[in-house]
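This report describes selected features of one protein model. The sequence and the structure are shown first.

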Amino acid sequence: MPDSRPYQLIVVGTGPGGYVAAIRAAQLGLKTAVVEKDELGGTCLNWGCIPTKAWIVTAHLYEQIKRAKEYGIEVGEPRIRWDWLVERKTKVVRQMTGGVKTLLSGRGVDIHRGVARLTSPNRMTVTVGETRTEISADAVMIASGAYAWMPPGFALDGTRVITSREALDLPAQPARVAVLGGGVVGCEFASFFAAVGSKVTLIEMLPRLVPAEDDEIAQALEREMKKQKIEIHLGTKIEDRRDAPDGSIMLTLGNGKTVEADTVLVATGRRPYSSDLGLEALGVAIADRGKIVVNDRLQTSVKGIYAIGDVTDIKQLAHFASAQGKAAVEIIAGHPAQTNWRAVPAATFTNPEIASVGLTEREARAEGREIKIGRFPFRAHGRNIADGETTGFVKLIGDAGTDQVLGAHIFGAKASELIHECSLAIAADLNLSDLAHAIHAHPTLTETLGEAAEDAEGLAIHLIRQEARTAAR
């Protein structure tokens, strides 16, 4: 049945890109609707960023309790209660998704449940079962996200072969986990399962972990994961997979070794969810692996249709999707919009954490830049020593001629919180000397940023130059 209510904007998808865009549109006075085929909040709130962090904080606390004696506390032997862990995760998710519904409704955004399919650039059907509704708008924004890609030979079954989504609802903790993929998702889950006591094997086809990160960061992560008794196979393909009589899975690797696991977690990347939306029939340009092509104003090749977030495959980051969503709405509403994505921080919640922004050393050199590098190890910082978190370092990259901050890379405790000063520095075209001269409160972890900036000139106070050169080792 046709819906007679035309909108100024319809957003397809309610992940961090979609729901944020819809709220900003409503704030700017646009009559707005969202369409969601699954749960409000998308992958991030339901099966990604938020529930995984609920688990990771449990794993960190568990490890802290086991170290309680170091801090002068006597406790009994802790143990993981899997059912409690899942229950807490579910409670956190319900609170977050309920909040999204309240925010959307409170701004007057209409919520349409069902599968969207465009029939023209400004009209679509929303299908739930046998019921089909037609809605229209002046502009449409595709924020449909991405899905986990499964390599040949692996099919989901929910317990033995899973993705990160199914992992969060496992009925019991697996004793042996094989993680396929050494990117962000694979490394986070490998760290988590190892921390709570599972035997973990990580298999990656590329010669290094976290390929988007600086080389020194990847090397440091590999060392720490090995210390956590994670078995790592790099530059390795799976040649064969078969089911063992006891229900486990046997993997034969390209290096001749075999891995036996109770659960195989596939984390080999995510593909844009752009099919079955009616886009191809309208002439919307779709590039390799299904990513929607957009210009610097987030417009697709068809007038009136915009796309943001993972479906564009520019950067698969929740906060980047949110920034794109707000920018696209401001463009639609005729307002000035920020579309300079030079300073987009990223965080990986391994143990320890990784955070980065801007260019890696390899990228800066590939651009032909003359660079200078400042480093500072956490083992030389008083607050890290007091916290008992001395693993890791800060690495800052600057232009040798102009002193401009080009990149920042942090490995260690609270890296995800420390990176934002550097992100602002890059966005504001600040120099390493600006970071060095900024007064950082003592004793705080942020002092390591100032020390690293000073080290670029050989002037770090709490560091002998040789220590800086070996900071990442």
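The text below treats cysteines, enclosed space, a surface patch and salt bridges in turn.

The model is predicted: local features require pLDDT of at least 70 and side-chain atom pairs count only at pLDDT 80 or more, while totals for chains, interfaces and linings use all residues. Residues are numbered from 1 along each chain as its sequence is written, and side-chain values use heavy atoms, with hydrogens and water left out.

## Cysteines

The structure holds 1 disulfide, a term that denotes a pair of cysteine sulfur atoms within 2.5 Å. The bond joins Cys-44 to Cys-49, with an S to S distance of 2.3 Å. The torsion about this S-S bond is about -130°, so the disulfide is left-handed. Burial is classed by relative accessible area: buried means under 20%, exposed over 50%, and partly exposed in between, with a 1.4 Å probe and protein chains only. By relative accessible area, Cys-44 is buried at 11%, whereas Cys-49 is partly exposed at 29%.

Why does the sulfur of Cys-187 form no bond with the closest cysteine sulfur? The closest cysteine sulfur, in Cys-49, is 16 Å from that of Cys-187, which is too far for a bond. Cys-187 is buried, with a relative accessible area of 0%. Cys-422 is buried, with a relative accessible area of 0%.

## Pocket and cavity

Rolling a probe the size of a water molecule over the atoms shows where empty space is left. The search uses a 1 Å grid over the protein atoms alone; a cavity is a set of points where a 1.4 Å probe fits but cannot get out, a pocket is an open set with protein on both sides within 12 Å along at least five of seven lines, and lining residues have an atom within 4 Å of a point. Grid points are joined across faces, edges and corners, and a volume is the space filled by probe spheres set on the points.

The second largest pocket contains about 580 Å³ of space. Its lining has 28 residues, and those nearest the centre are Ile-56, His-60, Thr-350, Glu-353 and Lys-414. Two or more lining residues come from each of helix 3, helix 6 (184-195), helix 11 (382-387) and helix 12 (415-427). Helices here are DSSP runs of H or I with at least four residues, strands are runs of E with at least two, and both are numbered from the N terminus. Helix 3 gives the largest share of this pocket lining, 6 residues.

The structure also holds 1 cavity of 30 Å³ or more. The largest cavity has about 40 Å³ of space and is lined by Thr-52, Trp-55, Ile-56, Glu-188, Phe-189 and Phe-192. Helix 3 and helix 6 each supply at least two residues of this cavity lining. Ile-56 thus appears in the lining of the cavity and among the residues nearest the centre of the second largest pocket.

## A nonpolar surface patch

Leu-61, Ile-65, Tyr-71, Ile-73 and Val-75 make a nonpolar surface patch of about 430 Å². Patches are built from residues with over 30% relative accessible area and no salt bridge, with like charges joined within 9 Å and nonpolar side chains (Val, Leu, Ile, Met, Phe, Trp, Tyr) within 5 Å. Accessible areas come from the Shrake-Rupley method with a 1.4 Å probe, and for residues only the protein chains shown count as cover. Leu-61 is located in helix 3 (residues 49-66) and is exposed, with a relative accessible area of 51%.

## Salt bridges

A salt bridge is a side-chain nitrogen of Lys or Arg within 4 Å of a carboxyl oxygen of Asp or Glu. By this rule the count is 29 salt bridges. Three of the pairs are listed below.

| Salt bridge | N to O distance |
|---|---|
| Asp-157 and Arg-160 | 3.5 Å |
| Glu-260 and Arg-176 | 3.5 Å |
| Arg-176 and Asp-262 | 2.7 Å |

Arg-176 takes part in a pair with Asp-262, and this pair links distant parts of the chain, 86 residues apart: Arg-176 is in strand 9, and Asp-262 is in the loop between strand 14 and strand 15 (263-266). Asp-262 is partly exposed at 25% relative accessible area, and Arg-176 is partly exposed at 22%. In the first pair of the table, Asp-157 is partly exposed at 38%, as is Arg-160 at 22%.

A network of salt bridges links Asp-214, Glu-216, Glu-361, Arg-365, Arg-375 and Lys-395.
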